[in-house]
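Open the model in your viewer and keep the sequence panel beside it. This tour goes from stop to stop, telling you what to select and what is there.

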Amino acid sequence: MNILIVDGNEKNASDRYVEIGMETQYEVYKNVLENLSDIELNISIIHPAILNDYIPLGLNLEDFEGIVWTGSVLNIYDYGPSIERQIELAKKLLTKRNRIFGSCWGLQVLAEAAGGSVRKNPNGLEAIISENIKLNKNGIQHPMYENKPSEFNSFCWHYDEIENLPNDSIILSSNNKSKVQSFTFTRNQSIVWAVQYHPEFYPRWMSGLMKQRKNILLKEKIYNSEDLFEK
């Protein structure tokens with residue numbers, strides 16, 4: 001099975017992970033997919049936030065059974081080339097026959113490309129744990145949540161949220177921080193499943209992220225003191 005991973009980060013963001021011995025976000029996704037799959041995956045990774053010509057010679061966007069879009073430290077309303085290239089890529093993919101999954105930034109890029117909009121969340125930063133995510137009726141019936149609990153927590157890190165949904169979108173889950181914790185929509189022959197949280201992250205990786213962003217967590221009062229942070 002051919003899988004395409006779209007890396008949402010600029011190079012300096014990925015370099016910061018590597019410098020402290022962490023996997024990049026696209027490496028996290030690659031490892032998760034390979035570990036979960038019971039069939040052989042042929043995984044390609046592209047970097048539209050870094051390169052103008054981000055599609056390597058010989059790679060065709062028609063060749064993939066599934067597409068995954070990673071998180072990012074970017075904010076979509078800042079625009080600029082690294083963001084605009086991703087929006088244009090998403091628009092192109094939505095004209096084809098695709099199965100696309102996006103987490104956090106991936107959700108936001110796909111929403112923007114399909115006619116929705118993203119804003120800074122008035123409820124502030126949601127970081128480390130997204131608590132009490134609740135499936136609605138549509139979520140309970142959706143195959144993404146088959147055999148999953150109707151209420152759960154997940155790793156997360158995001159300042160932003162969906163402000164306006166693309167037409168014909170279906171919200172699947174929400175919590176007190178954001179009305180849209182997951183949603184789905186179809187464009188042409190492309191089906192999108194997307195979540196605002198990070199199901200791909202795992203405890204050791206999140207620990208590294210917390211150390212990297214300790215000052216932000218204290219400034220934003222995610223932890224009210226260094227003692228609470230260290231616990």
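Which residues of helix 2 are buried? Bear in mind that this is a predicted model. Select helix 2, residues 25-36. Buried there are Gln-25, Tyr-26, Val-28 and Tyr-29. Now look down the axis of helix 2: its buried residues fall within an arc of 155 degrees, so they line one face of the helix. An α-helix has 3.6 residues a turn, so residues three or four places apart point the same way.

Stay on helix 2 and check its length. Its 12 residues, at 1.5 Å a residue, should span 16 Å. The C-alpha atoms at its ends are 17 Å apart, which agrees.

What covers the buried residues of helix 2? Show strand 1 (2-6), strand 2 (42-46), strand 3 (66-69) and strand 4 (99-103), which are among the covering elements. Add helix 1 (11-19) and helix 6 (203-212), which belong to the cover too.

**Helix 1**

Next, select Ser-14, which sits in helix 1. Is Ser-14 buried or exposed? Its relative accessible area is 6%, so Ser-14 is buried. Leave out residues up to four places away in sequence, and Ser-14 touches Asp-7, Asn-9, Thr-24 and Tyr-26. Tyr-26 is also one of the buried residues of helix 2.

**The sheet**

Now colour the strands. In what order do the nine strands of the open sheet come? Follow them as 2-1-3-4-11-10-9-6-7. The pairing is mixed. Strand 2 and strand 7 (151-158) are the edge strands, each pairing on one side only. On average, neighbouring strands of this sheet are turned by 25 degrees against each other, direction ignored.

Start from the strand 7 edge. Strand 6 pairs with strand 7 in the antiparallel sense, over seven bridges. Select Glu-126 and look across to strand 7: His-158 stands opposite. Then bring helix 6 back into view. Helix 6 lies across strand 6 and strand 7. Its direction makes an angle of about 40 degrees with strand 7.

Step across to strand 9 (residues 170-174), which pairs with strand 6 (residues 126-135). This pairing is antiparallel, over two bridges. Pick Lys-134; its bridge partner in strand 9 is Ser-174.

One more step takes you to strand 10 (residues 182-187). How many bridges join strand 9 to strand 10? There are three, and the two strands run antiparallel. Select Ile-171 to find Phe-183 of strand 10 opposite.

**The loop before strand 9**

Back up to the loop between strand 8 (160-164) and strand 9, and select Pro-166. Its relative accessibility is 3%, so Pro-166 counts as buried. What is Pro-166 in contact with, leaving aside neighbours within four places in sequence? Ala-111, Ala-114, Gly-115 and Gly-116 are among its contacts. So are Phe-183, Phe-185 and Arg-187. Phe-183 is the residue you just met opposite Ile-171. Try the distance tool as well: Pro-166 and Ser-178 are 12 residues apart in sequence and 16 Å apart in space, C-alpha to C-alpha.

Asp-168 lies in that loop between strand 8 and strand 9 as well. At 69% relative accessibility, Asp-168 counts as exposed, whereas Pro-166 counts as buried. Check the backbone of Asp-168: its phi is positive, about 65 degrees, although Asp-168 is not a glycine.

**Another positive phi**

Where is Asn-147 found? Look in the loop between helix 5 (137-141) and strand 7. Asn-147 is not a glycine, yet its phi is positive, near 60 degrees. Asn-147 counts as exposed, at 78% relative accessibility.

**The cysteines**

Last stop: show the sulfur atoms of Cys-104 and Cys-156. How many disulfides does the structure hold? Zero. Why is there no bond at Cys-104? The closest cysteine sulfur, in Cys-156, is 8.0 Å away, too far for a bond. A disulfide needs the two sulfur atoms within 2.5 Å. Cys-104 is buried, with a relative accessible area of 3%. Cys-156 counts as buried too, at 0% relative accessibility.

Terms used
Residues are numbered from 1 along each chain as its sequence is written. This is a predicted model: local features need pLDDT of at least 70, side-chain atom pairs count only at pLDDT 80 or more; totals for chains, interfaces and linings use all residues. Side-chain values use heavy atoms; hydrogens and water are left out. Buried means under 20% relative accessible area, exposed over 50%, partly exposed in between (1.4 Å probe, protein chains only). Two strands pair if DSSP finds at least two bridges between them. Helices (H or I, at least four residues) and strands (E, at least two) are DSSP runs, numbered from the N terminus. The expected span of a helix is 1.5 Å times one less than its number of residues. The arc is that of the directions from the helix axis to the C-beta atoms. Contact means heavy atoms within 4.5 Å. Axes are lines fitted to C-alpha atoms, for helices over the stretch in contact, and angles run from 0 to 180 degrees between N-to-C directions.
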